[in-house]
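Welcome! Let's take a friendly look at this structure through a few questions and answers.

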Amino acid sequence: MLAERSWPEVDRPLLLVPVGSLEQHGPHLPLDTDTRIARAVAEGLARALPGGAVVAPAVAYGASGEHQDFAGTVSIGTDALRALLVEYGRSASSWAGAIVFVNGHGGNLEAVTAAVATLRDEARAVAWTPCAPAAESAPDAHAGRTETSILLHLAPEHVRLDRAVAGASEPIGELLPRLRAGGVAAVSRSGVLGDPAGATAEEGARLLGEMIARARERVAAEAAAR
């Protein structure tokens, strides 16, 4: 953990930076769900990489405007997140051997990819990886069975299963026009996209393992390409 080290203990590491959000995840999951998942993937990735890595404190706010109708959501938007990550990368690259942003929220994608492109144009060793299991393993988009299972594995004390409800179940491609026009509230009063029913901690452990394995493959490919 980077925050627990003193400066002489930081020697050109591979730095993993979890990037999450603070946004609604239905009536049953905590607001920091994406940040928790990004941190867990980064920590698992650090253990899985042959040369090891250092995990930074998470960037806990993201671009979550589509959830703004729900209390507790705090979004800094795409432009602010992109600027934050660019300045983060410029600062950390002065002492880190390489930097990988571990993104846990889909709404951050535009900001993360733009920031990485800018930093690479400046000849900095920066990459990113999503927190994503195989597509067939994660059929729902937000606060459904996938995220509920992972949180049951990571932090069961913060999952309110008695409040869990099904939300919009249409494929995300069908929901996108309404989502873009009116946010998540336009398609789901609960904020859930999917159905938490059937979620288990065992499934969550498997899904998290898939996320870590896929992130490891991506980071290894990036390293081989440099």
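Q: Which residues lie nearest the centre of the largest pocket?
A: This is a predicted model in which local features need pLDDT of at least 70, side-chain atom pairs count only at pLDDT 80 or more, and totals for chains, interfaces and linings use all residues. Residues are numbered from 1 along each chain as its sequence is written, and side-chain values use heavy atoms, leaving out hydrogens and water. The largest pocket (an open set of points on a 1 Å grid over the protein atoms alone, where a 1.4 Å probe fits, with protein on both sides within 12 Å along at least five of seven lines) has lining residues with an atom within 4 Å of a point. Of the 42 residues that line the largest pocket, those nearest its centre are H105, G106, D140, A141 and H142.

Q: Which element gives the most to the lining of the largest pocket?
A: Two or more lining residues come from each of α1 (33-48), β4 (126-130), α4 (145-154) and α5. Helices here are DSSP runs of H or I with at least four residues, and strands are runs of E with at least two, numbered from the N terminus. With five residues, the top contributor is α5.

Q: Is R180 buried or exposed?
A: R180 sits in helix α5 (residues 172-182). Buried means under 20% relative accessible area, exposed over 50%, and partly exposed in between (1.4 Å probe, protein chains only). Because its relative accessible area is 67%, R180 is exposed.

Q: How far apart in space are R180 and V74, C-alpha to C-alpha?
A: V74 lies in the loop between β2 (54-55) and α2 (77-92). In sequence, R180 and V74 are 106 residues apart; in space, their C-alpha to C-alpha distance is 18 Å.
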